[in-house]
Amino acid sequence: MSNSSTQSNQSALYTLVTVWFFWSFVAASNGILIPLFKEKFELQQWQAQLVDFAFYAAYFVGSILYFVVSGIIKGDVLNRIGYKNGIIYGLIISAVGTILFYPAAELKSFPILLSALFIVGLGFSLQQTATQPFMIALGDPATGAQRINLGGAVNNLGGTIGPALISYAIFGSISADAAKNASIDSVKAPYLILGVVFALFAVFFKLSKLPRITNDEDVEIGTGALKYPQLLLGMSAIFVYVGVEVTIGSNLGEYLKVTENLESSQISKYVSLFWGSMMVGRWTASIGNFNLSESTKQILKFVVPFVAFAVVLGVNALSGNEVQDLLPYGLCIFIMIGAFFASQEKPVKTLLIYTACGAITSLLGVIFTGKIALFLLISGGLFCSVLWPSIFSLGTAGLGKYTNQGAAFLIMMILGGAVIPVVQGILADSIGIQLSYLLAVACFGYLFFFGIRVQAVLRKQNIDFDKEVVKNTGKGH
């Protein structure tokens, strides 16, 4: 592999990760919209969680449309239009959704606001279906999780900034009065601006020189990928993983209102800390993507998590939040660093260790009270942080000509982010918000089981990513 080809793939990787920023920026900002809409539209907790239902259900519908269109054109959509155009069209669809926030707010219509979020999510569905197999194809499949982790690192920078920025744009300050004085009209400007940014990035991708990478085998349409047990397991795991990630953050506003007596304008730093925890984990896991000496990497594994934590604190300090009370959360980060070293950057081992930690901290968060319980629940973000790339890589391993199809099935299961938060909302309305977090414990427990089961399935097919992690050569397919 020539140096120019390697550099071209690296350049393509850095271009692709830019779009990841928006996925989490919007998703995390839903945590600000949920308590606002609950108050202004006088909703129950489960009804407020329809914000996430609309957004994440779009991924499921988008994947169904992907298969329908593939059937109509008798060929795989992405192989027909190309990964690059898939991203561009997805950005345009999302831009249309954000623009709909204006008439929705003008009419004070909760259903239209949900429809706008649905369209944004529909665009994200196409972007993700195109982007992630593209990134895996930029190098050795065994190191695909490392490249997706790099995208995840950028993704959760958006998730850290989103709640703070959107909260400031809507409320103007963190005072209790700001929450009472805010109106639905306050969402107009920030989401219109976001729509313009989506459109500009569509132009950016149109002008970019991304390589033409497709599967070198005949791509199959239909449902042939479902014959692979690792894909079926991966689909269930993505459903549960996205569900637990979203439900922890989205129900946090209600948790803070009940246990800490905070208003919706005062929750942004905790929502930001949760999504920032995802960034802490993913920045740490992304170190392997860079051509550094082994000793430097070992040092950075301690330094980078706290640099990311400092970014979280800085973003919130700039938005007017007091951050001193967040400093003890550094102890949770030390635990995550230990988990990272123990996992040795191996997909299955990572799943087992991180999900075990997530289950334990979530259970302790239900048992304890006060800031200790709050930080334990928020630390679920640390232990969710690197699960997606591990699940995605394991779920698509060995699919060959069914890889694009398998990726679409996995993206479809982002539906978990629509269903599980609503389930927790129903639990919260019946048994209380703190006890409802037992659902997170159950989700982490299932993901632990997935790690054990999928490893056994893949080993029967002579696939074992944990046996040896091959260094990224930059080779495309």
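These legends go with a set of close-up views of a predicted model.

**View 1. Phe37 and Phe110 meet edge-to-face.** Welcome to the first of the aromatic contacts; the structure holds 30 aromatic pairs. Here the ring centres of Phe37 and Phe110 are 6.0 Å apart and the planes stand at 80 degrees, so this pair is edge-to-face. The two partners come from distant parts of the chain, with Phe37 in helix α2 (residues 20-40) and Phe110 in helix α8 (residues 110-136), 73 residues apart. Phe37 is buried, at a relative accessible area of 0%. Phe110 also counts as buried, with 12% relative accessibility.

**View 2. Phe55 and Tyr59 pair within helix α4.** The ring centres of Phe55 and Tyr59 lie 5.9 Å apart with their planes at 80 degrees, which makes this pair edge-to-face. Both residues sit in α4 (residues 50-73), and because they are 4 residues apart, about one helical turn separates them. A handy reminder for this view is that an α-helix has 3.6 residues a turn, so residues three or four places apart point the same way. Phe55 and Tyr59 are both buried.

**View 3. Ring pairs build an aromatic cluster.** Take a step back from Phe55 and Tyr59, and you will find them among the members of a cluster linked by ring pairs. Phe21, Phe22 and Phe25 belong to this cluster, as do Tyr56 and Phe124. Phe198, Phe201, Phe204 and Phe205 are part of it too.

**View 4. Val187 and its neighbours in the largest nonpolar core.** This core has 152 residues, and Phe37, Tyr56 and Val187 touch the most other members. Helix α2 gives the most to the core, contributing 12 residues. Leaving aside residues up to four places away in sequence, Val187 touches Leu33, Leu36 and Phe37, together with Phe101, Ala105, Leu113 and Ile170. Phe37 may look familiar from the first view, where its ring pairs with that of Phe110.

**View 5. A salt-bridge network around Asp185.** The count for this structure comes to 9 salt bridges. Lys108 forms one of them with Asp185, the closest N and O atoms being 3.2 Å apart. That bridge links distant parts of the chain: Lys108 is in the loop between α7 (101-106) and α8, while Asp185 is in the loop between α10 (176-181) and α11 (188-207), 77 residues apart. Lys108 counts as partly exposed at 42% relative accessibility, and Asp185 is partly exposed with a relative accessible area of 31%. Lys188 forms a salt bridge with Asp185 as well, with the closest N and O atoms 3.5 Å apart. Lys188 counts as buried, at 12% relative accessibility. Through shared partners, salt bridges join Glu106, Lys108, Asp185 and Lys188 into one network.

**View 6. Lys188 lies over the face of Tyr102.** Stay with Lys188 for a moment longer: it is 4.7 Å from the centre of the Tyr102 ring. Lys188 is thus shown here with an aromatic partner, in addition to its salt bridge with Asp185.

**View 7. Lys40 and Glu39 form a salt bridge.** The closest N and O atoms of Lys40 and Glu39 are 3.7 Å apart. Lys40 is partly exposed, with a relative accessible area of 27%, and Glu39 is partly exposed at 34%.

**View 8. Helix α20 is mostly covered.** In α20 (residues 387-396), 10 of the 10 residues are buried. Among them are Leu387, Trp388, Ile391 and Phe392. Gly398 follows the helix, and its phi is positive, near 75 degrees.

Note on methods. Residues are numbered from 1 along each chain as its sequence is written. This is a predicted model: local features need pLDDT of at least 70, side-chain atom pairs count only at pLDDT 80 or more; totals for chains, interfaces and linings use all residues. Side-chain values use heavy atoms; hydrogens and water are left out. Rings of Phe, Tyr and Trp (its six-membered ring) pair if their centres lie within 6.5 Å; planes under 30 degrees apart count as stacked, over 60 as edge-to-face and the rest as tilted. Helices (H or I, at least four residues) and strands (E, at least two) are DSSP runs, numbered from the N terminus. Buried means under 20% relative accessible area, exposed over 50%, partly exposed in between (1.4 Å probe, protein chains only). A charge sits over a ring if NZ of Lys or CZ of Arg is within 6 Å of the ring centre and within 35 degrees of the ring normal. A nonpolar core is a set of buried Ala, Val, Leu, Ile, Met, Phe, Trp, Tyr and Cys residues joined through side-chain atoms within 4.5 Å. Contact means heavy atoms within 4.5 Å. A salt bridge is a side-chain nitrogen of Lys or Arg within 4 Å of a carboxyl oxygen of Asp or Glu.
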